[in-house]
Amino acid sequence: MKIVRYAAFLLLVAIVSACASGSGSLTPPPERTQAAVDDYLIGVDDIVQVTVWRNPELGVTAPVRPDGKISVPLVGDVVAGGRTSAAVAADIQEKLADFVRTPQVAVILTELRSHEYLSRVRVTGAVRQPVSIPYRQGMTVLDAVLAAGGTTEFAAADRADLYRKNGDDSSSAHAVNLDRILNHGDLSTNYRVAPGDIITVPERTF
């Protein structure tokens, strides 16, 4: 009988612990690597410089239009949005071959305007001022929440979650106990954030 009671007690503790945490996983989010930078895709408003070796008159510097295209002398419109610089250069080079002998084309991104939104960290829910802030190296959950003015008096700070995109475009949730971070100095869930992360703080249910 004592064994049954003890097992029931352990089950109750597990249920209470699960309810006290956020809806996300209790495991820390995976670290982001710098490899993703090599695969940067051109976006709308990015400034692109096209140069053609020994044919400077065919070069152009222009922003990517809302339709994702740029205009290149002789070639006309070329799709740049959603592609890498190397892919755009290869496309222009192939089309220029009808006009120029063995063209050598380079495409350089001079301003990454669209990247600003991709690299932001967002804090929503029961915080003083929901914010979208630029990512900074070394930034943590606490830094982001403080930038949002901290939590409100209605916040369920022990049930916050950090959402992070995975490599397959899905996202995963990771539980963050802001109450312990803010009020007890427990930094075990004060994870380092990554570009594109979203931190949500739910309100208490009465």
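Which residues touch the most other members of the largest nonpolar core? In this predicted model, that core has 22 residues, and those with the most contacts to other members are Val123, Val141, Val176, Leu178, Val193, Ile199 and Val201. At least two residues of this core are supplied by each of S6, S7, H4, S8, helix H5 (178-184) and strand S10 (198-201), and the largest share, 3 residues, comes from H4. Nonpolar side chains tend to be buried together in soluble globular proteins.

Val141 illustrates the surroundings of one such residue: leaving aside residues up to four places away in sequence, Val141 touches Leu162, Val176, Leu178, Thr189, Asn190, Tyr191, Val193 and Ile199. A second, separate core holds 18 residues, among them Val48, Val50, Val52 and Val100.

**The open sheet**

Five strands, in the order S7-S6-S10-S8-S9, form an open sheet with mixed pairing. Its edge strands are S7 and strand S9 (171-176), each of which pairs on one side only, and from one strand to the next the twist averages 20°. Pairing between strands of a sheet takes place through backbone hydrogen bonds, in either a parallel or an antiparallel manner. S6 and S7 run antiparallel and are joined by 4 bridges; Val123 has Val131 in S7 as its bridge partner, and Val123 is also listed among the core residues that touch the most other members.

**Leu96 and its contacts**

Leu96 has its place in helix H2, and with a relative accessibility of 0% this residue counts as buried. Not counting residues up to four places away in sequence, the residues touched by Leu96 are Val52, Leu58, Pro73, Leu74, Val75, Pro103 and Val105. One of these contacts, Pro73, is 23 residues apart from Leu96 in sequence, while the C-alpha to C-alpha distance is 9.2 Å. Val52, which Leu96 touches, is one of the residues included in the second core.

**Salt bridges**

The structure holds 8 salt bridges, including the three pairs tabulated here.

| Pair | Closest N and O distance |
|---|---|
| Asp77 and Arg65 | 3.2 Å |
| Lys95 and Asp91 | 3.8 Å |
| Glu153 and Arg128 | 3.3 Å |

The side chains of Asp77 and Arg65 meet in a salt bridge with an N to O distance of 3.2 Å. Asp77 lies in strand S4 (residues 76-79), whereas Arg65 lies in the loop between strand S2 (60-63) and strand S3 (69-72), so this pair ties together parts that are 12 residues apart in sequence. Asp77 is partly exposed, at a relative accessible area of 41%, and Arg65 is likewise partly exposed, at 27%. Both residues also belong to a network of salt bridges that links Arg65, Asp67 and Asp77.

Lys95 and Asp91 form a salt bridge within a single helix: the two residues are 4 residues apart in helix H2 (residues 85-96), and are therefore separated by about one helical turn. Lys95 counts as partly exposed at 33% relative accessibility, whereas Asp91 counts as buried at 15%, because the limit for a buried residue is under 20% relative accessible area.

Glu153 and Arg128 form a salt bridge in which the closest N and O atoms are 3.3 Å apart. The pair links distant parts of the chain, 25 residues apart, with Glu153 in the loop between helix H4 (141-147) and strand S8 (160-165) and Arg128 in the loop between strand S6 (120-125) and strand S7 (131-134). Glu153 is partly exposed, with a relative accessible area of 45%.

Methods:
Residues numbered from 1 in each chain as written. Predicted model: local features only at pLDDT ≥ 70, side-chain atom pairs only at ≥ 80, totals over all residues. Heavy atoms only, no water. Salt bridge = Lys/Arg side-chain N within 4 Å of Asp/Glu carboxyl O. Buried < 20%, exposed > 50% of the residue type's maximum accessible area, 1.4 Å probe, protein only. Pairing = 2+ DSSP bridges. Axes fitted to C-alpha atoms, helices over the stretch in contact; angles between N-to-C directions. Core = buried A, V, L, I, M, F, W, Y, C linked by side-chain atoms within 4.5 Å. Contact = heavy atoms within 4.5 Å.
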